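Visitor: Could you take me on a close look at one part of this structure, the place where the two chains meet? I would enjoy a connected account, with a short detour inside one chain at the end.

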Amino acid sequence: MVTTAEARPSVAPVRTVLANGLTVLVREEHTAPLASVWCWYKVGSKDEPPGLTGVSHWVEHMNFKGTTNIPRDQVKGIIEQFGGSWNGYTWIDQTTYLETATRDALDRMLFIESERMARSLYHPDDCESERTVILSELAGGENDPDQLLDQELTAVAFKAHPYRHPTIGWLPDLKSMTREDLYGHYRRYYMPNNAILVIAGDVDAADAIRRAEQHFGGIAPGDAPLPRLRTVEPEQAGERRVTIRREGTAAYLKVGYHAPAVSDAAFCPALVLDAVLTGAKGVNLWSSFRLPPPQRSARLYRALVERGLASSVAGALLPTEDPFLYTVSVTATEGTPLASVESALLDELDRVARDGISTAELDKAKAQLRARLIFDVDSITNLAHQLGYFETIGGVDQYLTLAPRLAAVTAVQVEAAAASILRRSNLTVGWFDPLPVGGDR
Amino acid sequence: MPGATFAGLSPERLSLSNGAVVLAKQVRTTPAVTINLAVRAGSVCDPVGTPGAMYLLSRVIDRGTDRRTADDIAEELDSRGIALAVTVTRHLFTVACTCLAEDFEPVFALLGDIVRAPSLPETEIATRKGEVITAIRQDEDNPAVRATEALMALLYPDGHPYGRRTKGSVESVEALTRDDLVRLHADRFAPGRLSAVIVGDVPTALVTDAADRVFGDWRKPEPPPVPVLTVAPVSGRRSLVIPMMNKAQADIAYGFVAMTRDDPDYYAGWLMNNALGQYSLGGRLGDSIRERQGMAYYVFSSLDANVMQGPITVRAGVGPADVDRAIASIDEELRHVSLEGLSAKELNASRQYLIASMPRALETNAGIAAFLQTVEFFGLGLDYDLRLPDLLRAVTVEQAHDVARRLLDPDRATVVIAGPYEAKK
């Protein structure tokens with residue numbers, strides 16, 4: 001029996017494109033007296049030129065600092081009085097802003113997003129003060145060895161495609177960027193014909209579209225064509241390695257393989273492959289990773305954690321516009337050499353690339369993914385996220401058809417994906433090999 | 001005035017003859033159900049001398065039962081896409097998961113088996129010890145964890161359970177034996193200590209039947225209560241620096257022993273804390289330290305009123321050059337709130353936010369389950385969700401000021417800094 005609720009991940013939203021090019025997606029969901037609004041921009045860290053790495057993320061911060069009609073000191077409180085939460089994030093393909101609050105806040109949420117699109121202030125003092133906040137965010141990330149390793153591994157795995165630089169940016173760029181850099185980036189990319197507005201929750205679709213038109217209809221489209229990213233990462237010619245030796249108390253191993261983009265036919269088989277190796281995560285960047293994966297019987301958990309070599313293992317294959325990475329991250333147990341962990345890990349990855357998976361593994365992985373796609377959209381906030389996120393990386397249909405496409409994956413397709421992705425010449429290996437804390441350097 | 005209709009949860013509450021409590025709420029939003037089994041057996045139950053015992057038990061409890069091997073459990077969970085979350089807080093040991101509604105009965109039976117009859121195999125204990133020790137080593141390299149744990153140790157000295165690390169130490173974990181864990185489970189897990197909360201697309205009658213089948217024949221005497229300890233007042237300001245020169249950013253943990261959950265000032269404290277360090281991006285503290293001075297990516301305060309007097313803490317992450325300035329700003333904001341109180345406008349904004357955010361907090365099955373466990377644990381009553389707005393509305397500006405004066409005195413603060421920073425000579 002397919003209930004209405006089960007269909008959450010596959011019900012198409014109402015779609016409208018306003019005269020200025022703004023795409024509006026509305027999804028009615030009358031399960032709670034709430035509405036969630038997400039405004040997405042097709043600009044992420046991959047769109048940044050050398051010298052301006054991190055500009056998209058910094059721009060995101062600046063877009064919370066007041067607009068022509070929302071003075072700086074009144075940004076706070078608008079959504080809070082409706083019990084709402086608000087936030088934003090920047091990643092490699094997209095930048096997004098959200099509010100979720102009681103449904104009577106819909107107009108306020110749309111007003112905020114329309115202001116943000118067209119009338120953010122970028123006061124020079126605020127740009128300067130935010131520089132320190134971002135440097136602090138960067139430093140906080142570098143305090144975490146696993147995050148540092150992830151950043152370095154990604155930079156080594158890509159040599160041409162701008163996925164190589166971290167979303168937060170490189171430190172020297174963050175030190176030298178100017179207010180004009182920030183404002184120029186904002187004006188170039190923040191326009192209705194480069195944005196997607198998603199409204200989900202206890203709303204009437206026709207009414208929501210009318211309100212979207214009222215708030216956004218007057219914003220002029222941008223006329224200059226956006227610079228299109230043309231770089232295609234060339235085929236990797238051989239294994240790459242990076243080793244970080246810094247003071248620390250635990251050893252970390254991470255491997256990355258170039259992996260299929262969301263629109264590639266191999267994407268669904270690769271998701272099944274990851275579920276067999278490390279347990280299914282779902283595909284919600286905003287919420288999936290908050291829930292641990294079902295992985296007790298997964299191959300890499302058995303090979304590394306159950307054998308006492310590692311205290312944790314995690315796989316990640318995220319839906320992206322261009323081919324990104326499939327990564328496996330491992331924390332070695334105290335006293336276990338990284339070489340032993342790496343050898344056991346690569347043995348397993350080589351084995352699945354050579355021999356494929358069993359039917360029982362295929363069935364289990366599919367059952368996991370079916371459940372996780374449902375858990376991924378337990379709230380209207382998460383549902384709205386999924387619609388907008390996929391629209392920024394190749395179209396919402398990629399999301400709406402995911403469940404049936406996953407159900408149709410065969411063991412042969414998974415084997416082919418494994419053989420194609422998990423090649424040694426496609427591999428980058430990263431070690432965080434800790435030096436004794438306070439010891440001689 | 002904004003506001004949305006909120007009909008109230010009205011959960012079903014059933015007390016089994018052995019003392020176990022079942023709370024069920026049918027929600028048909030998604031074809032899923034959250035099962036949350038909480039046993040009043042948190043880290044406060046760690047025997048003196050073996051800190052970390054309950055935490056290690058939490059790592060092993062789901063690795064085999066009298067009827068199922070670890071592999072059986074792994075298959076049962078993985079084939080349904082489920083990951084168990086087994087967590088230990090000061091007072092609760094929780095086994096929880098979200099599963100598809102169609103899997104409710106077998107999964108509930110499995111969780112019941114895990115809570116009642118874990119077999120605690122030696123091999124599993126050895127493997128999980130390795131994981132816990134690695135996790136303790138990771139904590140030792142984490143400025144946020146180091147600062148917070150050191151603050152708690154200073155605020156709660158002399159063996160107070162709130163001052164101990166939940167995970168214990170490498171030495172204490174290494175010394176734990178299977179017998180220790182078997183005894184701990186035998187002594188502390190009993191039906192009278194269990195509350196089972198089930199929220200999701202499962203009819204209430206089916207839940208109560210299943211609860212009776214899974215837990216109805218569990219007979220065990222009530223464990224002795226854990227002594228409630230008080231903390232001697234602090235007479236002056238204390239500071240501790242934990243130099244971690246390999247780090248890029250410093251973490252500040254700043255706090256006071258505050259209050260119990262049944263303190264008459266609790267709601268005033270909750271509101272005051274929201275305005276001080278939570279509202280929007282960190283309340284007054286966020287306005288000053290993040291927004292106006294641009295010093296930190298995060299700064300916030302939290303009030304953890306509990307069975308024993310819990311702390312109110314301020315946390316911030318700042319660059320090493322800004323540590324002194326950030327602490328001075330925290331002092332200044334706290335002194336100001338303590339001397340002048342909060343404005344009616346600020347208090348009302350926080351109040352309105354907390355009341356209006358309830359539909360959002362209670363939107364998901366997991367959110368409702370967490371709320372109902374809190375209601376049950378503190379005995380707040382099944383209509384608490386409906387009474388809560390009035391409890392918050394009743395707080396006056398004077399009461400919020402009184403509680404700020406009572407809790408926030410920078411001259412008696414305990415301050416810990418962990419990170420690339422060295423104490424001034």
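Guide: Happily; what follows is a walk across the interface and then a brief look within chain A. Please keep in mind that this is a predicted model, and that every value below is computed from it.

Let us begin with the extent of the meeting. On one side, 66 residues of chain B are in contact with 69 residues of chain A. Together the two chains bury about 5400 Å² between them, and 53% of that area lies on carbon and sulfur atoms.

Now for the polar side of the picture. The rule finds 30 residue pairs in polar contact across the interface of chain B and chain A, counting pairs with both residues at pLDDT 80 or more. It also finds 11 salt bridges across this interface. One of them joins Glu306(A) to Arg128(B), with the closest N and O atoms 2.6 Å apart.

Which elements of chain B face chain A? Those that give two or more residues to that side are the helices α2 (70-78), α4 (122-140), α10 (279-292), α12 (344-356) and α13 (358-361), along with the strands β5 (93-100) and β9 (296-303). Of these, α4(B) gives the most, with 10 residues. Sorted by class, the side of chain B that touches chain A has 23 nonpolar, 21 polar and 22 charged residues.

For the detour, turn to the inside of chain A. Here helix α8 (residues 267-278) packs against helix α15 (residues 411-421) at an angle of about 85°, with their axes 8 Å apart. That angle makes α8(A) roughly perpendicular to α15(A). From α8(A), the contact is made by Pro269(A), Ala270(A), Val272(A) and Leu273(A); α15(A) brings Gln413(A), Val414(A), Ala417(A), Ala418(A) and Ile421(A). By class, this contact has eight nonpolar residues, one polar and no charged ones.

Last, a charged pair. The structure holds 67 salt bridges over all chains, including the one between Glu130(A) and Lys65(A), whose closest N and O atoms are 3.0 Å apart. Glu130(A) lies in helix α3 (residues 124-142) of chain A and Lys65(A) in the loop between α1 (55-62) and β4 (85-90), so the pair ties together parts that are 65 residues apart in sequence.

Note on methods:
Residues are numbered from 1 along each chain as its sequence is written. Chains are lettered from A and ligands numbered from 1 in the order in which they are written. This is a predicted model: local features need pLDDT of at least 70, side-chain atom pairs count only at pLDDT 80 or more; totals for chains, interfaces and linings use all residues. Side-chain values use heavy atoms; hydrogens and water are left out. Contact means heavy atoms within 4.5 Å. Buried area is the accessible area (1.4 Å probe) that two parts lose on being put together, summed over both. A salt bridge is a side-chain nitrogen of Lys or Arg within 4 Å of a carboxyl oxygen of Asp or Glu. A polar contact is a pair of N or O atoms within 3.5 Å; within protein, one must be able to donate a hydrogen and the other to accept it, and residues adjacent in sequence count only if both atoms are side-chain atoms. Helices (H or I, at least four residues) and strands (E, at least two) are DSSP runs, numbered from the N terminus. Ala, Val, Leu, Ile, Met, Phe, Trp, Tyr, Cys and Pro count as nonpolar, Asp, Glu, Lys and Arg as charged, and the others, Gly among them, as polar. Axes are lines fitted to C-alpha atoms, for helices over the stretch in contact, and angles run from 0 to 180 degrees between N-to-C directions. Angles under 35 degrees count as roughly parallel, over 145 as roughly antiparallel, 65 to 115 as roughly perpendicular and the rest as oblique.
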